[in-house]
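Reader: Please take me through one part of this model in close detail. I would like its two faces first, then whatever else can be said about the ligand.

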Amino acid sequence: MDTSWFRNAGLGMFIHWGMFSVHCRGEWCPYQEQIPIKEYDERYMDLFTADEYDPELWAQYAVRAGMKYMTLTTKHHDGFCLFDTKTTDRNAVKRGPKRDLVRPFVEACRKYGLKCGLYFSLPDWSVPAFMTGPHLTPKEWGEFLDTIVFPQVRELCTNYGKIDMIWYDNIVGMSNGKESFEVNTNFREASDSTPNEKLTAEDYRSRELNAMIRKLQPDIMINDRSLLPEDFYTAEQNLTPPKDPNRLWEACITLNKHWGFYPADPYYKSIFEVLHSITAVACHGGNMLLNIGPDRYGRINNDERRILEAVGDWMKKNEEAVRGVERCRMNGGSYGCAAQKGNKVYLYLHFANEEGFITIPHCTEKFKSAYMLDSGKPLTLEYKQGKLVVHGTPRYEYNNIPVVVLER
Ligand code: GLC
């Protein structure tokens, strides 16, 4: 299996979109507000019209931002499917938009040269057996897997041609063991008391499920949230890399505090914070999956656009420093962090030194030359007292993370 596209991607777009985009309170709303599924469907399903759905526009934004793949929530925890399915009427062809929304997404990815990731939630709040769990209701749980989970995943892997990634989601027991630092304590406390708190890969028959996927899509990459390690590790709302330095990994973060459309949350990250996160993940060899949460019509909002454009402007000059880079012994110092690729070391200047130099501690490696990645401006190197000092680095630059290149 060729995973090089993933290793070299650096950046991708996460898209949280579905009937949960209607109520404007994020994708956890039905659970957090204890809305019975029947009432949830009556209130919101047909309002999810996707009138302005244009995945080509999303793809253009992704390309503009320097992203190499897109991952769409084809079914989130509310169980509503954006794809045509024989398993339930709660899908976009029968209700709401009355058309398959996954097909045009996959086509847009292909048209714009983006790899295509399909997010699929194993948890499904619309199925009573999921809520009671495999221990209380084993027979019904088995039916849930046989009539919902397996056939839906099969449909996703059969009906749309080549898919590049299955991005499972789960509610608890995610392999990184970390909770969101943008903590939503309510749902964490609530989910602690559900019977399906301690689900395992055995409960989901994940081995069998993933074997099925690989048979249908031999080149596909699968994330770690079926509770098996599979091809790559996922960190959520944190930038902590996996322990194994050779493991492929990806961090996903929100741009405001929510994944799904939530207009009452205008607390978007600064451009600096987003670039900081991208480079902090790159210095550990990971990809960054930046989330957007379109509204029920499929529109990206102005804040998201603004951030994507700024990321794109930065990527135009600096993409070389985040694609396909790996961890580097020199990582760390008062300036920020570092990664390497081939004969180059990239130093991400998170914080400027007003005096116009940076210090790389414990560095005796003799580099041939150094320059600024965005402007090509040459820098001078001075070795002293077991450290390397690079002279000529920029002073403070608002909303920018300048990159220094050291050539071996
Ligand atoms: C968590 C949340 C979910 C979100 C996902 C993204 O699992 O439950 O709503 O889609 O994180 O990583």
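Author: Start with the exposed face of α3: K38 and E42 lie there. Exposed means over 50% relative accessible area, buried under 20%, and partly exposed in between, with a 1.4 Å probe and protein chains only. This is a predicted model: local features need pLDDT of at least 70, side-chain atom pairs count only at pLDDT 80 or more, and totals for chains, interfaces and linings use all residues. Residues are numbered from 1 along each chain as its sequence is written, and side-chain values use heavy atoms, without hydrogens and water.

Helix α3 spans residues 37-44 (helices are DSSP runs of H or I, at least four residues, numbered from the N terminus). Its buried residues are Y40, D41 and Y44. They share one side of α3, because their arc around the axis is only 95 degrees (taken from the directions from the helix axis to the C-beta atoms). An α-helix has 3.6 residues a turn, so residues three or four places apart point the same way. The buried residues of α3 pack against α2 (29-32), with contact meaning heavy atoms within 4.5 Å.

Now the ligand. Around it are 14 residues, each with a heavy atom within 4 Å. H16, E27, W28, H76 and E236 come nearest. Polar contacts are pairs of N or O atoms within 3.5 Å. The side chain of E27 places an N or O atom 2.5 Å from a ligand oxygen. For W28, a polar side-chain atom is 2.8 Å from an oxygen of the ligand.

Key. Helix = DSSP H or I, 4+ residues; strand = E, 2+ residues; numbered from the N terminus. Polar contact = N/O pair within 3.5 Å; in protein donor to acceptor, adjacent residues only side chain to side chain.
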